[in-house]
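Biologist: I'd like a close look at a single part of this one, please. Take your time and walk me through it strand by strand.

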Amino acid sequence: MRGMTLIELLVVLAIASVALGLAAPDLAALLRVQRLKAASGELFAAVGLARAQALARGEIVVLAPRDPAGIDWRSGWTVFVDRDGDGRPGAGEERILEHGPLAPGMAIDYAFTSPAPPHYIAYNGAGRGCSAANAAQSRLGTLSLFAGPHAGATSGDAIRRIKINMLGRARLCDPARDAGCDGAAAPPDP
């Protein structure tokens with residue numbers, strides 16, 4: 001009669017549980033990296049949408065955090081036509097896209113030529129980065145996305161950046177692989 005004894009089955013289960021215990025931290029890191037890639041891709045697509053809509057409409061289109069103070073990007077973001085020039089979505093302004101909050105453990109830092117709140121990215125009818133109040137005033141800078149434990153984070157897997165140049169062109173980069181992908185340091189743990 002062929003089969004396994006209870007002792008053999010317990011040994012196999014013990015080995016499997018040890019292997020699973022060793023693999024669990026790697027799975028958490030993989031999940032963190034995938035969340036970061038998804039969030040940075042979605043924010044990058046929103047930047048592209050804002051620019052494309054500004055070109056198509058010939059008006060200033062803004063991408064801004066949904067946070068009422070206009071500072072915290074973790075609460076999500078909105079793309080809208082900014083007719084009153086305040087960088088915040090108003091009652092009579094058309095909302096093109098709204099994105100929900102980011103996953104827990106993620107942060108976004110904002111470093112643009114005008115760092116004063118509210119934070120936003122605006123494009124004029126020519127597709128150039130501008131101020132919400134002045135279509136001729138150039139704005140450029142970097143949005144940095146961080147995932148996981150932030151204090152002292154140096155791994156390229158924990159950071160992605162969206163860099164917007166003087167012409168309004170955006171690029172998504174990984175500081176571990178891409179030259180010129182500098183930006184803000186990782187924020188401390190909350």
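In what sense do β8 and β9 pair, and over how many bridges? Please start there and work outwards through the sheet.

Modeller: Keep in mind that this is a predicted model. β8 and β9 pair in the antiparallel sense, over 4 bridges. For a register mark, take K163, whose bridge partner in β9 is R171. The hairpin of these two strands has 5 residues between them, and in it G168 takes a positive phi near 95°.

Now step back to the whole sheet. It's an open one of 4 strands, in the order β4-β7-β8-β9, with antiparallel pairing. The edges are β4 (106-112) and β9 (170-173), each pairing on one side only. From one strand to the next, the twist averages 15°.

On its other side, β8 meets β7, and 6 bridges join this antiparallel pair. Here S144 has R161 in β8 as its bridge partner. Going on from β7 (residues 141-147), you reach β4 through 7 bridges, again antiparallel. M106 is bridged to A147 of β7 there.

Back to β8 itself, residues 159-164. Because 6 of its 6 residues are buried, the strand is largely enclosed by the rest of the structure. In a regular strand the side chains alternate between the two faces of the sheet. In β8, I159, R161 and K163 point one way, while R160, I162 and I164 point the other, and all of them are buried. So you'll find arginines and a lysine on that buried list, alongside the isoleucines.

K163 deserves a closer look. Its relative accessibility is 17%, and buried means under 20%, so K163 counts as buried. Its side chain makes a polar contact of 3.0 Å with the side chain of T142. Leaving out residues up to four places away in sequence, K163 touches G141, T142, R169, A170, R171, C173, G180, C181 and D182.

Two of those neighbours, C173 and C181, take us to the disulfide, and the structure holds 1. C173 and C181 form it, with their sulfur atoms 2.1 Å apart. The link is right-handed, with 85° about the S-S bond. Both cysteines are buried.

Over at the other edge, β4, there's some aromatic company. A pair of aromatic rings is described by the distance of the centres and the angle of the planes. A search of the whole structure finds 2 aromatic pairs. One is W73 with Y110, stacked at 6.3 Å centre to centre with 20° between the planes. This pair links distant parts of the chain: W73 sits in the loop between β1 (61-65) and β2 (77-81), whereas Y110 is in strand β4, 37 residues apart. W73 counts as buried at 1% relative accessibility, and so does Y110 at 8%. The rings of Y110 and F112 have their centres 4.7 Å apart and their planes at 15°, so that pair is stacked too. Y110 and F112 are both buried, and W73, Y110 and F112 form one aromatic cluster.

So, to pull it together: β8 is largely enclosed, since 6 of its 6 residues are buried. At one edge of the sheet is β9, at the other β4. K163 of β8 touches both C173 and C181, the two partners of the disulfide, and β4 holds Y110, a member of the aromatic cluster.

Terms used. Residues are numbered from 1 along each chain as its sequence is written. This is a predicted model: local features need pLDDT of at least 70, side-chain atom pairs count only at pLDDT 80 or more; totals for chains, interfaces and linings use all residues. Side-chain values use heavy atoms; hydrogens and water are left out. Two strands pair if DSSP finds at least two bridges between them. Axes are lines fitted to C-alpha atoms, for helices over the stretch in contact, and angles run from 0 to 180 degrees between N-to-C directions. Buried means under 20% relative accessible area, exposed over 50%, partly exposed in between (1.4 Å probe, protein chains only). A polar contact is a pair of N or O atoms within 3.5 Å; within protein, one must be able to donate a hydrogen and the other to accept it, and residues adjacent in sequence count only if both atoms are side-chain atoms. Contact means heavy atoms within 4.5 Å. A disulfide is a pair of cysteine sulfur atoms within 2.5 Å. Rings of Phe, Tyr and Trp (its six-membered ring) pair if their centres lie within 6.5 Å; planes under 30 degrees apart count as stacked, over 60 as edge-to-face and the rest as tilted.
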